[in-house]
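Subject: Structure for your review

Dear colleague,

Please find below the structure that I am handing over to you. My account of what was found in it follows directly after.

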Amino acid sequence: MDVREFLARLRRQAFFEGQVAHVQELPARPPVFEAPRESLPPVLREVLGRLGISGLYSHQATAVDLVRAGQSIVVVTGTASGKTLCYTLPVVECLLEDPRATMLFLYPTKALAQDQLRGLTRLQFEDLGTTFLAGTYDGDTPQALRRKVRDGAGVVLTNPDMLHQGILPQHARWNRFFSNLRYVVIDEVHAYRGVFGSHLANVMRRLRRICRHYGSAPQFICSSATIANPKEHAERVCGLPMTLVDNDGSPRGPKWFVLWNPPPLKTAAAGAAGNWRVGGDRRSPLGEAMQLLSVLVKEGIQTIAFVRTRLAAELILRGVRDRLRPVSSRLADSVQAYRGGYLPEERREIERRLAEGEILGVASTNALELGIDIGSLDACLLVGYPGSVASLWQQAGRAGRGREEAIVFLLAQNAPMDQYLMAHEGYLFEQSPEQAVVDPDNPHITVGHLKCAAHELPLRVEEAQGFGPYAETVLEILEEDHLVRRIEGNWYWASTEYPAAQVNLRNIAGPVFTIQDEADGERVIGTLDEISALSQLHTHAVYLHGAETYFVDRLDLEQKIAFVVRRDLDYYTQSVQTSTIGIEETELDEEYRGGRLGYGDVTVTTTIPMFKKIRFHSRDSLGFEQLELPPQILETVAIWFVPPESLAQRLRAEGCLLGEALIGIANVFVEVAPLYVLCDTQDIGAVVDSHNLGREALFVHDRYPGGMGFARRCLDPFDAMLRTVAEVIRACGCADGCPSCVGSAVPPSAMTDLDSAVRGRIPDKRAARLLLDGLLG
């Protein structure tokens, strides 16, 4: 593929109207080979030879050396760099030395575990003696096979949920496995952040405790995408010192990265004159993706298009096939969609056809983002910024897995984050500033795991300290509730409950709402905490699950059940919320540019009087509907900023309101926070309030009881974040504010806006600019 020639042809297409905002050429990189200090056993060298591997890359050799030296490691290298060999080589070497040894592989998804099992199978050759029993142990594993894996497997591949609910509570049946456990592998450790990562860190505390009981002390081997704090993050999740391996020696073919910004829509007046309105609404990136994918497939360029929803994947599939069918029915049939909701055998067939080149174009949700093997692709379309630089490079890594030229397009949505990246191309091609955040000590998280730990084995007082500074207090509360009893320095489980069944690793402690699909025999498709349930599962809401759209028939507040039906809807819903905030305790209060910057405990009270319906992609409003829901009280943490009084006076002199300026800044701040903290915009909320500190202040709070650490992580880069907010607002060409800047449009993938009282309208852009210019100079 000659990318320069292709781009030249693309610019001659009828739909091209100057959408290319920037083209970045990423040069090819040669491989760096290295041998381990002590060479691999002859058998292993023969295995690698049969797989066509003549030598190890530098990071693979380093990983082997460190693991042999007894260290726990986290490997941070690019997509398709051969991270898997960093742990499979030590595992197979260990099994050759000690056939009784056992290994635990943890993957975030069942599909990835199945894919990696196929990879392990390729290392097994009977004539070389490298055969061992490896198997997946998850919800899809038949009962008979579960027993075989539990009693005889050397390598068990599972996910955190099954480890938490099905393995650790049954550890007596797994005594052979835990007694001989040598390595714990956590693949894609960057994916475990926020609530899920904090839960996993506590599951690892329980796992290490069970291992100590059976006399083992396994090493941990983690792999991660590029984030700002991989070593610290892996240490927080695993609870052990880790050594960083980041000397990536893998080769990379030349890659071209195109920032593609859909053109602004013509206004009625400007359209007649042939002029573009600057700022404001833009053409849908979905339509642009259909055009680009059609051109790429026509040229025989194998392409993957990543989208955020199942509906978007199906729309692209339909649109591209309609464009290609008049050209060639064979080409039209070579385009496919890939998403959750397909049967496993359907997904395997699509993966096979992709790997063998039968499919030329695929529109996929992020189900294909993680390392499932689909071979080398020539091009990749990212339809909207995926939310983090880590995800962006992981998706982009799907193109150019060989040494040929490859091309990646980032198609911008009409949202602040996407438009910022279009105007600041350097950000994507520098070191990621995102930090993964977990808070394993949050008492709302640890309470469930302390119950589980006491249920699994009597909990010694010194062991309880390993569950964080609040563990002793939490256990005393559990004793008052007659769930545990303290006898001679040990905590014993004193209930008939099975606590692991009550702890969902994706939710925080508290009331949990169950989501039932009425059309599928009331099958439970998920759960949500109470705060999220009221904003996302209210009656007549549209709920997105696994990129499917579900209509909420009704929300039963007493039974805590949302009854839903799957429908292909062309709109999403956004709850309109009003929030008040109260400072409970101040931990930090310091001067900042003539104003005040603070941090502490807060209580947020939220009511949801109504919701609005918004059409996907065009974001046209389809109307409002009233709601009657009880107010929600959230005890959490927040940072707050009070501008200097002199600036407030200057704004008043200019006829502007300080509150309007802060609302505009709040809108953009929530959108740019994921650039600095690896979180979703749903993880934090913003409130502008004047009751706490005597004048208007901007509060940014965690949306989880007790906090998750997101707001706290915004303190150090606060100045840089405000500068980014200023650049987003300044770079937008609109006159009075629009969804690309202070209006903060909700991205088409979202179904709820968490603080619509702040973020549901377009505030005064001029006021926001005056405040930021006066503050930052």
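With which residue does R283 form a salt bridge? The partner is E17, and the closest N and O atoms of the pair are 3.3 Å apart. R283 sits in the loop between helix 11 (268–273) and helix 12 (285–298), while E17 belongs to the loop between helix 1 (3–10) and strand 1 (20–26), so the salt bridge ties together parts that are 266 residues apart in sequence. R283 has a relative accessibility of 24% and therefore counts as partly exposed. E17, at 33%, is likewise classed as partly exposed.

Please bear in mind that this is a predicted model, and that the values below are computed from it.

Overall architecture

The protein chain contains 27 helices and 30 strands. Its radius of gyration is 27 Å; a compact globule of 777 residues would have a value near 28 Å, so the two agree. Along the principal axes, the C-alpha trace spans about 80 × 70 × 55 Å. Of the 777 residues, 59% are buried. Among contacts with a separation of 6 or more, 73% are between residues 24 or more positions apart.

The exposed surface of the protein chain amounts to about 29,800 Å², of which carbon and sulfur atoms supply 47%. As to charge, there are 80 positive and 97 negative side chains, and the centres of these two sets lie 4 Å apart.

Salt bridges

The count of salt bridges comes to 37. Besides the pair described at the outset, two others may be of interest to you. E472 and R486 meet through their side chains at 3.0 Å, N to O. Here E472 is part of helix 20 (residues 471–480) and R486 is part of strand 17 (residues 484–487), so this salt bridge ties together parts that are 14 residues apart in sequence. E472 is partly exposed, with a relative accessible area of 24%, and R486 is also partly exposed, at 40%.

The other pair is E463 and R460, whose side chains form a salt bridge with an N to O distance of 3.7 Å. E463 is buried, because its relative accessibility of 13% falls under the 20% cut-off. R460, in contrast, is partly exposed at 39%.

There is also a network of salt bridges, which links E349, R352, R353, E356 and E358.

An enclosed helix

Which residues of helix 17 are buried? They are P416, M417, D418, Q419, Y420, L421 and M422. This amounts to 7 of the 8 residues of the helix (residues 416–423), so helix 17 is largely enclosed by the rest of the structure. The elements that cover its buried residues include strand 1, strand 9 (255–260) and strand 14 (406–411), together with helix 23 (658–676) and helix 25 (718–731).

Positive phi angles

Most residues other than glycine have a negative phi. Two histidines with positive values are therefore worth listing against that background. H482 has a phi near 65 degrees. H482 lies in the loop between helix 20 and strand 17, the two elements that E472 and R486 tie together. With a relative accessible area of 64%, H482 is exposed.

H540 has a positive phi of about 75 degrees. Its place is the loop between helix 21 (530–536) and strand 21 (542–545). At 28% relative accessibility, H540 counts as partly exposed.

Separations across the chain

Two distances give a sense of the extent of the model. The C-alpha atoms of P264 and A500 are separated by 52 Å, and these residues are 236 residues apart along the chain. P264 is located in the loop between strand 9 and helix 11, and is buried at 13% relative accessibility.

For S495 and P41, which are 454 residues apart along the chain, the C-alpha separation is 52 Å. S495 occupies the loop between strand 18 (490–493) and strand 19 (512–517). With a relative accessibility of 22%, S495 counts as partly exposed.

With kind regards

How values were computed. Residues numbered from 1 in each chain as written. Heavy atoms only, no water. Helix = DSSP H or I, 4+ residues; strand = E, 2+ residues; numbered from the N terminus. Rg over C-alpha atoms; globule rule 2.2 N^0.38 Å. Buried < 20%, exposed > 50% of the residue type's maximum accessible area, 1.4 Å probe, protein only. Contact = heavy atoms within 4.5 Å. Areas by Shrake-Rupley, 256 points an atom, 1.4 Å probe, with all protein chains shown as cover. Lys, Arg positive; Asp, Glu negative; His and termini not counted. Charge placed at Lys NZ, Arg CZ, Asp CG, Glu CD. Salt bridge = Lys/Arg side-chain N within 4 Å of Asp/Glu carboxyl O.
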